[in-house]
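Please open the model in your viewer and keep the selection tool at hand. The stops below say what to select and what is there.

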Amino acid sequence: MPAVSSVSVKVPATTANLGPGFDCLGAALTLYNEITFSRLPADDGRSLIIEVTGAESARVGTDDQNLAYQSFSKLYHSLGQTPPPVKISISLGVPLSRGLGSSATAIVGGLVGANILAGEPLSTDAVMKLAIALEGHPDNVVPALIGGCRLAATQPDGQTWTICDVPWHDDIIAILAVPDFELSTAAARRVLPTDYSRADAIFNMAHLGLLLRGLETGNPDWLRTALHDRIHQPYRQTLIAGYDAVQAAALQAGAYGLVISGAGPTLLALTHPSHAEAVTVAMHTAWATAGIHAEVQMLRLDHQGAIAHSVA
């Protein structure tokens, strides 16, 4: 089999937490980054070229600290090999620093691209382990790699992950509202308390269980109750300008509930298709009234995860 000379990897955005699923639940959405890795000729004299296109492309580094290249190199180093000279072309479709797993797309894209150029020595599970190690947690990288909605839990050793597929009913539409401001993950972590009451722990356990059943069945009553949370959202929503107005508008327009996507500031409403257009307009209008521009769009669950196309 001839060696692969170029591979393009299309990686979906992800939304993590989904209310009570803090740090353990994530879903892939139909919004994508695409990263192409092409071997450079031996006589080129350069070991790395990175080109970035799309919105916010000027903010993405083009040296060897680029996250996609760091991940690409990590896979080769895990094999005891030196990364080959490579040109990386990145087409951005996932907003940066908005709680939509943009870093996960870079990590997954880099690992998948490297694995294919290296002749696919690693299984999907092995690539997943590298991705979790690089990201530090699984809730974004796992659905970015394999698609769908995924629940992650550690085994008793605290190091080994068990990944569970979470069925997502076809009648559940995700309305994504991405504002024109950022919220750093570090800042979003700092506002969280270090301890929680037994009542809050029980509340979230019950609501996560109900959310899993609500996502599977599309039951409106279950979803309206299940999307509430006491672990992170009450603290993080104070960092997001216009949160209360957008939440009220979404619920009035027919959304089951509103959650913070990842660490924010993107907000995600879940709703029935019959209310999707009204919820989209309501969320956009509410933020505009608060003087904030937001891109609002209807998305579906991505079931495929990272898709690669290679050229020999």
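## Stop 1: a pair in helix H6

Select Glu216 and Arg213: these two lie three residues apart in helix H6 (residues 198–217), so about one helical turn separates them. The model on screen is a predicted one. Show the side chains, and a salt bridge appears between Glu216 and Arg213, with the closest N and O atoms 3.0 Å apart. Are the two residues buried or exposed? Glu216 is partly exposed, at a relative accessible area of 38%. Arg213 is also partly exposed, at 39%.

## Stop 2: a pair in helix H7

Move on to Arg224 and Asp221 in helix H7 (residues 220–226). Here too the spacing is three residues, so the partners are separated by about one helical turn. Their side chains form a salt bridge, and the closest N and O atoms are 3.2 Å apart. Arg224 is partly exposed at 41% relative accessibility. Asp221, at 52%, counts as exposed because the cut-off for that class is over 50%.

Salt bridges can also share partners: select Glu56, Arg59, Arg98 and Glu182, which are joined into one network in this way.

## Stop 3: a pair between two loops

Stay with two members of that network, Arg98 and Glu56. Their side chains meet in a salt bridge, at 3.4 Å from N to O. Where in the chain do Arg98 and Glu56 sit? Arg98 is in the loop between strand S4 (86–91) and helix H2 (102–117), while Glu56 is in the loop between strand S3 (48–53) and helix H1 (67–78). The pair is 42 residues apart and links distant parts of the chain. Colour by accessibility, and Arg98 comes out as buried, with a relative accessible area of 9%. Glu56 counts as partly exposed, at 24%.

How many salt bridges does a search of the whole structure find? The search finds eleven.

## Stop 4: helices H2 and H3

Hide the side chains and select H2 together with helix H3 (residues 124–135). The two axes come within 10 Å and cross at roughly 145°. The crossing is right-handed. Now bring back the side chains that make the contact. From H2 these are Ser103, Ala104, Ile107, Leu111, Val112 and Asn115. From H3 they are Val127, Leu130, Ala131, Leu134 and Glu135. By class, the contact holds eight nonpolar residues, two polar and one charged.

## Stop 5: helices H1 and H3

Keep H3 and swap H2 for H1. H1 and H3 pack with their axes 11 Å apart, at an angle of about 125°. The two helices are therefore oblique to each other. H1 passes H3 in a right-handed crossing. Which residues make the contact between H1 and H3? On the H1 side, select Ser71, Lys74, Leu75 and Ser78; on the H3 side, select Val127, Leu130 and Leu134. These residues divide into four nonpolar, two polar and one charged. Val127, Leu130 and Leu134 also belong to the contact of H3 with H2.

## Stop 6: the end of helix H9

Finish at Gln252, which is placed in helix H9 (residues 243–252). Gln252 is exposed, with a relative accessible area of 73%. Add Val296 to the selection and draw a distance between the C-alpha atoms. The two residues are 44 apart along the chain, and their C-alpha atoms are separated by 17 Å.

Conventions
Residues numbered from 1 in each chain as written. Predicted model: local features only at pLDDT ≥ 70, side-chain atom pairs only at ≥ 80, totals over all residues. Heavy atoms only, no water. Salt bridge = Lys/Arg side-chain N within 4 Å of Asp/Glu carboxyl O. Helix = DSSP H or I, 4+ residues; strand = E, 2+ residues; numbered from the N terminus. Buried < 20%, exposed > 50% of the residue type's maximum accessible area, 1.4 Å probe, protein only. Axes fitted to C-alpha atoms, helices over the stretch in contact; angles between N-to-C directions. Left-handed = near helix turned anticlockwise from the far one by under 90°. Contact = heavy atoms within 4.5 Å. Nonpolar A, V, L, I, M, F, W, Y, C, P; charged D, E, K, R; others polar. Parallel < 35°, antiparallel > 145°, perpendicular 65-115°, else oblique.
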